[in-house]
Amino acid sequence: MTKTGIAEQLARSREEYANLEQQMSDPAVIASPSYRDLTQRYAHLRQIIQAGKKWETLRSSIAEEEELWKSEEDLRNEIEEELEADRHALARIETEFHHLIIPPDPNDRKTAIVEIRAGAGGDESGLFAADLFRMYVRYAEAQSLKTSLIDSHPTPLGGFKQVIFAIEGKNAYGRFRYESGVHRVQRVPETESSGRIHTSTATVVVLPEAAEVEITIDPNDLKIDTFRSTGPGGQSVNTTDSAVRITHSPTGLVVSCQDEKSQHKNRAQAMRVLRSRLKDQIEKEQEEKLSATRKKQIGSGDRSEKIRTYNFPQNRVTDHRIGLTLYHLKEILEGDLDELIDGLHEAAMEALEV
């Protein structure tokens with residue numbers, strides 16, 4: 001964005017901020033359903049204006065330093081150092097400003113529903129699914145986000161056929177949204193006596209949780225079955241039929257939950273996942289209809305797309321969407337995902353047209 005563009009956008013943001021401030025003092029607006037959205041927009045505009053003030057201050061300082069450099073020959077070395085530092089700071093602020101003026105996705109603030117399923121590779125893919133689950137839980141903890149298990153289907157070796165969990169907290173979905181896709185691991189399994197490297201996969205799906213008011217589900221469209229929860233190897237872990245399977249007849253979507261001891265709680269958790277899947281399906285259909293005007297994305301967003309490879313022999317993790325390769329695989333699997341996730345967000349920002 002040019003200097004003129006930043007100045008114009010800053011002026012527009014200040015005008016909108018003043019108008020919103022006036023609206024939000026009206027008791028009728030305060031009582032309206034849209035008040036929360038207005039407060040969020042107000043807070044976002046304040047961030048834009050604060051960044052704009054820093055930009056204006058730095059531009060003013062740079063102009064003064066450039067004039068001093070011309071007139072104070074004896075101080076040129078010191079002035080050059082200050083100029084270099086301020087120019088770097090100005091570039092950072094311009095990047096920050098550019099990111100801020102892109103309207104945030106309202107889904108970013110929502111709870112993330114994460115589903116991990118073992119893919120190709122037999123028992124090894126189940127173990128890899130467990131590794132990914134642990135990695136995301138560790139990363140969420142480092143971000144001060146709360147995780148809670150919704151449903152799991154463990155394997156006898158300590159892996160997962162499938163695990164579904166929620167991540168709650170500030171910008172939860174926003175942080176995890178680009179993790180959807182096929183994750184591939186290349187390593188020698190513990191069960192491999194010949195030392196041969198195996199390639200296995202697991203599929204990750206990240207959905208923003210849908211509130212009840214967003215998705216209306218007709219109870220007549222639901223087929224609800226109950227069954228007995230089971231653990232690895234079919235061993236019963238519950239003596240009552242507390243597990244729940246819900247089938248949504250119009251779409252054929254099926255969700256089952258068995259981790260809670262109460263049938264009522266399992267049903268609530270299953271409905272939570274079903275609502276989020278339905279919301280995702282509706283949004284994808286809308287995006288396909290508007291494909292000509294869709295914003296550019298990181299990758300295709302297809303769940304069958306191979307997005308990342310974890311190569312143990314080379315201590316390497318490669319994200320194929322942005323061409324980023326890192327050589328500290330162990331730390332990444334322990335939850336050190338900042339560089340990958342920040343890189344994906346940066347690339348997404350650059351792909352958007354402002």
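Start by selecting Phe 133, which counts as buried because its relative accessibility is 18%, below the 20% cut-off. Keep in mind that you're looking at a predicted model.

Now add Phe 165 to the selection. Phe 165 is buried too, with a relative accessible area of 0%. Look at the two rings together: the centres of Phe 133 and Phe 165 are 4.9 Å apart and the planes meet at 70 degrees, so this pair is edge-to-face. Colour the chain by position and you'll see that the pair ties together distant parts of it, with Phe 133 in helix α5 (residues 123-142) and Phe 165 in strand β3 (residues 160-168), 32 residues apart. Which residues make up the aromatic cluster here? Show Phe 160 as well, and you have it: Phe 133, Phe 160 and Phe 165 form one cluster.

Stay on helix α5 for the next stop and pick Tyr 136, then Phe 176 in helix α6; these two are 40 residues apart and again link distant parts of the chain. Their rings form an edge-to-face aromatic pair, 5.8 Å centre to centre with 75 degrees between the planes. Are they buried or exposed? Tyr 136 has 1% relative accessibility, so it counts as buried, and Phe 176, also at 1%, is buried as well.

Slide along helix α6 (residues 172-176) to Gly 174. Gly 174 has 0% relative accessibility, so it counts as buried. What does Gly 174 touch, leaving aside residues up to four places away in sequence? Show Asp 108 and His 345, and you'll have both of those contacts on screen. Try the distance tool on Gly 174 and Asp 108: from C-alpha to C-alpha they are 3.9 Å apart, although 66 residues separate them in sequence.

Time for a change of scenery. Select strands β6, β7 and β8, which make an open sheet in that order, with antiparallel pairing. The edges are β6 (222-227) and β8 (253-257), each pairing on one side only. Turn the sheet around and you can follow its twist, which averages 15 degrees from one strand to the next. Zoom in on β6 and β7 (residues 243-248): six bridges join these antiparallel strands. To see how they line up, click Asp 225, which stands opposite Arg 245 in β7.

For the last stop, show Trp 69 and Arg 76. The charged end of Arg 76 sits over the ring of Trp 69, 4.0 Å from the ring's centre.

Technical notes:
Residues numbered from 1 in each chain as written. Predicted model: local features only at pLDDT ≥ 70, side-chain atom pairs only at ≥ 80, totals over all residues. Heavy atoms only, no water. Helix = DSSP H or I, 4+ residues; strand = E, 2+ residues; numbered from the N terminus. Buried < 20%, exposed > 50% of the residue type's maximum accessible area, 1.4 Å probe, protein only. Contact = heavy atoms within 4.5 Å. Pairing = 2+ DSSP bridges. Axes fitted to C-alpha atoms, helices over the stretch in contact; angles between N-to-C directions. Phe/Tyr/Trp six-rings, centres within 6.5 Å; stacked < 30°, edge-to-face > 60°. Lys NZ or Arg CZ within 6 Å of the ring centre and 35° of its normal.
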